[in-house]
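Me: I should like to learn how to read the features of a protein model. May we work through one together?

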Amino acid sequence: MTPKDVLALCKAKDVKAVDLRFIDFPGMTQHFTIPATALDEAAFSEGVGFDGSSIRGWQSINESDMLVVPVPETAFVDPFTEVSTLVLLCNIKDPVTKQDYTRDPRNVARKAVQHLKSTGIADTCYIGPELEFFIFDELRYDQSQNQAYYFIDSVEGRWNMGAQNPGAPNLGYKIRNKEGYFPTPPSDTLQDIRTEIMQYLIEAGVPIEAQHHEVATAGQCEIDMRFRDLVTMGDCVVKYKYMVKMVARKHGKVANFMPKPLFQDNGSGMHTHISLWKSEKPLFAGNGYAGLSDMALNGIGGLLKHAPALLGFAAPTTNSYKRLVPGYEAPVNLAYSKRNRSACCRIPLYTDNPKAKRVEFRCPDSSGNPYLTFAAMLMAVIDGIQNKADPGQPLDKDLYDLEPEEMEKVAQTPGSLDGALDALEKDHAFLLEGGVFTEDVIQTWLSYKRTNEVDAIRLRPHPYEFVLYGDI
């Protein structure tokens, strides 16, 4: 889609407002709206000014003037606004230098792809993330000096098996813990909602492969997008989270993308598939282990080598490490394997088609910034390929059932966000190659995460501490 196409779409749909959206540093979508009459072709090159002083992780107030530059191919008509509104995702530029802003996450992703091309290794990186999420009937939480609590409810929740609801009967069919994978309605109460989300995504230009209920009780879901190039997939994730949240709200429910909102049941990950192509030919297919090329195996070596640092972006919340726990549902073992879902890197074997050959990195979740996660993964793969990183021998066993002496030989992911940030601080030279991530971006990310999340959690009493210690 070109700027002219966007303007023609506005006319055809009688668009009255244009919503300009961009992603802040941690990964939340921000926006402001202009009249449709204010959008012209020049805006797609010159940009539209705004005050960036209050955007998390960005410039201080003395350098707050910024530009959003709309990206025409991201356009879609918002299906939820009363007034006809067109949405455009945007890049961020400095209004003085006219240069792309280094802390703009979408810019980091674009630079990662440019760096890939400059190496001559490949010209395209395809990404296929599997975003899991919950749709709850109610989500309440608060924190103050003298109290802290959260409350989740879902008609599907196993804790409601015996619930009595005034004025409404309990109709049963509650999903037991870890038994939510693929049941039909009436146990699956969210079929129509997921299909509605799927249709909205398709209309917004996001190809979908399937939708289904996920493993956990209480409304865990997954809607699988078809793989796209790295930057486009970052855009798709932004659209995905918006559509999921808005459709849930439309039905009086609330969507939740936290990695581990429920105790004693599966958390929500974002298993991410990656492959490299050149001149429209897949480069990860070969005659090696699991049908992989040497390039793919070296790429796995890069992912495993840098995994602890990658998690600073790919599993970037304190809650992420309630999911990444040894012996539970998420892979923490730094190993690779075909089919085996207990390894951090898995090679899917659904088909022998070379075009489907890819590597699945299973540690990420969707609590962070998709552009930074995907860019960091690509940089690790490039580093592995350039340095011929040896991934070691595959582990085609259930890694959760290894004998203790075998388990000791398998490295594991960090056990906390603090640990992942420490790893990122020590191991980020590979991210700086080609100027993709800058030292300023790394240090700003580390400072933001440590101050606003790690320290914030560390300083507050936890409700379960009162269960443990309230009577000592």
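Me: Leaving aside its neighbours within four places in sequence, with which residues is phenylalanine 437 in contact?

Reply: Please note that this is a predicted model. Contact here means heavy atoms within 4.5 Å. By that criterion, phenylalanine 437 touches Val108, Phe313, Leu372, Ala375, Ala376, Met379, Leu431, Leu432 and Ile442.

Me: Which residues have the most contacts inside the largest nonpolar core?

Reply: A nonpolar core joins buried residues of certain kinds through their side-chain atoms. The largest one here has 123 residues, and Leu276 and Phe437 have the most contacts inside it. Helix α8, residues 370-386, supplies the largest share of this core, namely 12 residues. There is also a second, separate core of 6 residues, among them Phe134, Phe136, Ile152 and Ala218.

Me: Why is helix α5 described as largely enclosed by the rest of the structure?

Reply: One counts its buried residues: 15 of the 21 residues of α5 are buried, so this helix is largely enclosed. Helix α5 covers residues 230-250 and reaches 30 Å from its first C-alpha to its last, close to the 30 Å expected at 1.5 Å a residue. Glycine 252, which follows α5, has a positive phi, near 75°.

Me: How many disulfides does the count give?

Reply: A disulfide requires two cysteine sulfur atoms within 2.5 Å. The count comes to 0 disulfides. For cysteine 345, the nearest cysteine sulfur is that of cysteine 344, 6.6 Å away. For cysteine 363, the nearest is likewise that of cysteine 344, at 3.3 Å. Cysteine 345 is buried, with a relative accessible area of 0%, and cysteine 363 is buried with a relative accessible area of 0%.

Key. Residues numbered from 1 in each chain as written. Predicted model: local features only at pLDDT ≥ 70, side-chain atom pairs only at ≥ 80, totals over all residues. Heavy atoms only, no water. Core = buried A, V, L, I, M, F, W, Y, C linked by side-chain atoms within 4.5 Å. Buried < 20%, exposed > 50% of the residue type's maximum accessible area, 1.4 Å probe, protein only. Helix = DSSP H or I, 4+ residues; strand = E, 2+ residues; numbered from the N terminus. Expected span 1.5 Å × (residues − 1).
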